[in-house]
Amino acid sequence: MALKDYNEKRKFNETSEPKGKAKKSKDKLIFVIQRHAATRLHYDFRLEMEGVLKSWAVPKGPSLDPNDKRLAMMVEDHPYDYKDFEGNIPEGNYGAGQVEVWDSGTYEPLEENGSVSDEKELLKELKSGSLKFTLHGKKLKGEFALVKMKNSEENAWLLIKHKDEFAESPYDAEENTSSKSLVTKFLEEKKSLKTSKKKS
């Protein structure tokens, strides 16, 4: 049932996105961050739990600066195989635009709870609206928190970096993007198309 929303929103005969199937990592839980040029550029922050990727759209991208409280809107669960998805979602499809993996790695809860598994601890924290975890990525490292905003929309959270040896101030996710980025190329082409349309 967890992937019902995901499957209903997509036309798999048109998009190369993976079909919704639950799967699990053999060893450690994984996370992935995808840079996504859709209607607007944003970053999709995904954490593996229960064989799916719990997902949040982060408009300004994640930050290593503890002073930044990044808005993160919780969206539908994505299938585990989405962790490797890169490419173009055709016009007329949900989330149309260009997607690339910006960072990935493993993660675990900050609190060690000997009586339950890491996953159970994370699910408990997710339910309570306060997730604390350690990321082991190539770009994002160290302690983070995802906190559900009170008195706001049901799906509005904040992604916050804890103060630790990996904290970096100021930090801009866009400055830590590959110069060969296909998402950047896609955005530039879109921009020049708009400009030429205005001129004509």
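Here are some worked exercises on this predicted model.

**Exercise 1. Place Asp68 in the fold, and work out whether Asp68 is buried or exposed.**

Solution. Start with the chain: Asp68 sits in the loop that runs between strand S3 (52-58) and strand S4 (69-79). Next, check accessibility. The relative accessible area of Asp68 is 18%, and the cut-off for buried is under 20%, so Asp68 counts as buried.

Now look for partners. Setting aside neighbours within four places in sequence, Asp68 is in contact with Ser63, Leu159, Ile160 and Tyr171. With Ser63 there is also a side-chain polar contact, at 2.7 Å. Finally, try a C-alpha distance: Asp68 and Ser169 are 101 residues apart along the chain, yet their C-alpha atoms are separated by 9.2 Å.

**Exercise 2. Find which residues have the most contacts inside the largest nonpolar core, and which elements supply that core.**

Solution. Begin with the residues. The largest nonpolar core has 25 of them, and Phe45, Leu47, Phe133 and Leu146 have the most contacts inside it. Then go through the elements. At least two core residues each come from strand S1 (30-37), strand S2 (41-49), S3, strand S6 (97-109), helix H2 (118-128), strand S7 (130-137), strand S8 (141-148) and strand S9 (156-161). S2 gives the most, with four residues.

Zoom in on Leu146 next. Beyond residues up to four places away in sequence, Leu146 touches a list of residues that includes Phe45, Leu47, Trp56, Phe133 and Trp157. To finish, look for another core: a second, separate one has eleven residues, among them Leu3, Val32, Tyr80 and Val99.

**Exercise 3. Take the salt bridges of Arg35, Asp77 and Lys11 in turn, and say where the partners sit and how accessible they are.**

Solution. For scale, the whole structure holds 15 salt bridges.

Step one is Arg35, whose side chain meets that of Glu174 at 2.9 Å, N to O. Arg35 lies in strand S1 and Glu174 in the loop between S9 and helix H3 (182-199), so this pair ties together parts 139 residues apart in sequence. The two ends have their own accessibility classes: Arg35 is buried at 2% relative accessibility, while Glu174 is partly exposed at 33%.

Step two is Asp77, which forms a salt bridge with Lys54 at 3.2 Å, N to O. Here the link runs from strand S4 (Asp77) to strand S3 (Lys54), 23 residues apart. Both Asp77 and Lys54 are buried. While you're on salt bridges, note a network too: Lys9, Arg10, Glu17 and Glu76 are joined through bridges that share partners.

Step three is Lys11, which pairs with Glu14, with the closest N and O atoms 4.0 Å apart. Lys11 is partly exposed, at 39% relative accessible area, and Glu14 is partly exposed as well, at 41%.

**Exercise 4. Describe the largest pocket: how much space lies in it, and which residues are closest to its centre?**

Solution. Volume comes first: about 510 Å³ of space lies in the largest pocket. Next, the lining. There are 25 lining residues, and the closest to the pocket's centre are His36, Ala38, Thr39, His42 and Gly95.

Last, assign the lining to elements. S1, S2, S4 and H3 are the elements giving two or more residues to it. The largest share comes from S4, with four residues.

Technical notes: Residues are numbered from 1 along each chain as its sequence is written. This is a predicted model: local features need pLDDT of at least 70, side-chain atom pairs count only at pLDDT 80 or more; totals for chains, interfaces and linings use all residues. Side-chain values use heavy atoms; hydrogens and water are left out. Buried means under 20% relative accessible area, exposed over 50%, partly exposed in between (1.4 Å probe, protein chains only). Contact means heavy atoms within 4.5 Å. A polar contact is a pair of N or O atoms within 3.5 Å; within protein, one must be able to donate a hydrogen and the other to accept it, and residues adjacent in sequence count only if both atoms are side-chain atoms. A nonpolar core is a set of buried Ala, Val, Leu, Ile, Met, Phe, Trp, Tyr and Cys residues joined through side-chain atoms within 4.5 Å. On a 1 Å grid over the protein atoms alone, a cavity is a set of points where a 1.4 Å probe fits but cannot get out, and a pocket is an open set with protein on both sides within 12 Å along at least five of seven lines; lining residues have an atom within 4 Å of a point. Grid points are joined across faces, edges and corners, and a volume is the space filled by probe spheres set on the points.
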